[in-house]
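Got a new structure open and not sure where to start? Let's walk through it with some quick questions and answers.

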Amino acid sequence: MNRNMDIFAVASNLIEKIDLRNKKIRLIGIKSSNLVRWEVEQLSLFELSSHNLDQIVDELKTRFPEVKIIPARLLKSDNIK
């Protein structure tokens, strides 16, 4: 099921019920929220073993080669953008 199309259909039906004759409309926005209940657990970075952390960093470097990943303690304030 395509949720975007469901939202679009409901929004279209609502807009059709409004008398828009002789009205100048520039933009109509639709917002949806709280459609799915999330049960997310925040993971602690410090509970990872150094091996796991190295593995994650390697995966990030492979996936995002344009991004430089270094330990924060090696950063100098004049190099931060």
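Q: Where is the place of Asn-22?
A: This is a predicted model, and Asn-22 has a relative accessibility of 85%. That puts Asn-22 over the 50% cut-off, so the residue counts as exposed. As for its place, Asn-22 sits in the loop between helix 1 and helix 2.

Q: What is the phi of Asn-22, roughly?
A: Most residues other than glycine have a negative phi. Asn-22 isn't a glycine, yet its phi is positive, at about 60°.

Q: How many helices and how many strands does the protein chain have?
A: Helix 1 runs over 3-16 and helix 2 over 50-63, with a loop between them. Strands come to zero, and the helices come to two.

Q: Is Arg-21 buried or exposed?
A: The cut-off for exposed is over 50% relative accessible area. Arg-21 has 62% relative accessibility, so this residue counts as exposed.

Q: Which residue does the side chain of Arg-21 meet in a salt bridge?
A: The salt bridge count comes to one here, and the N to O distance in the bridge with Arg-21 is 2.9 Å. The partner is partly exposed because its relative accessible area is 40%, and that residue is Asp-19. So, with 40% falling between the 20% and 50% cut-offs, the side chain that meets Arg-21 is that of Asp-19.

Q: What is the area of the nonpolar surface patch that includes Ile-28, roughly?
A: Ile-28 lies in the loop between helix 1 and helix 2. With 44% relative accessibility, Ile-28 counts as partly exposed, and because patch residues need over 30%, Ile-28 clears that cut-off. Ile-28 makes the patch together with Ile-18, Leu-20, Ile-25 and Ile-30, and the area is about 440 Å².

Q: How many Å apart in space are Arg-3 and Leu-35, C-alpha to C-alpha?
A: Arg-3 has its place in helix 1, and with a relative accessible area of 55% it is exposed. In sequence, Arg-3 and Leu-35 are 32 residues apart. In space, C-alpha to C-alpha, the two are apart by 9.9 Å.

Q: What share of the residues in the protein chain is buried?
A: To count as buried, a residue has to be under 20% relative accessible area. The protein chain has 81 residues, and the buried share is 1%.

Q: What percentage of the exposed area do carbon and sulfur atoms supply?
A: The protein chain exposes about 9,000 Å². Of that area, the part supplied by carbon and sulfur atoms is 54%.

Methods:
Residues numbered from 1 in each chain as written. Predicted model: local features only at pLDDT ≥ 70, side-chain atom pairs only at ≥ 80, totals over all residues. Heavy atoms only, no water. Helix = DSSP H or I, 4+ residues; strand = E, 2+ residues; numbered from the N terminus. Buried < 20%, exposed > 50% of the residue type's maximum accessible area, 1.4 Å probe, protein only. Areas by Shrake-Rupley, 256 points an atom, 1.4 Å probe, with all protein chains shown as cover. Patch = residues over 30% accessible without salt bridge, like charges linked within 9 Å, V, L, I, M, F, W, Y side chains within 5 Å. Salt bridge = Lys/Arg side-chain N within 4 Å of Asp/Glu carboxyl O.
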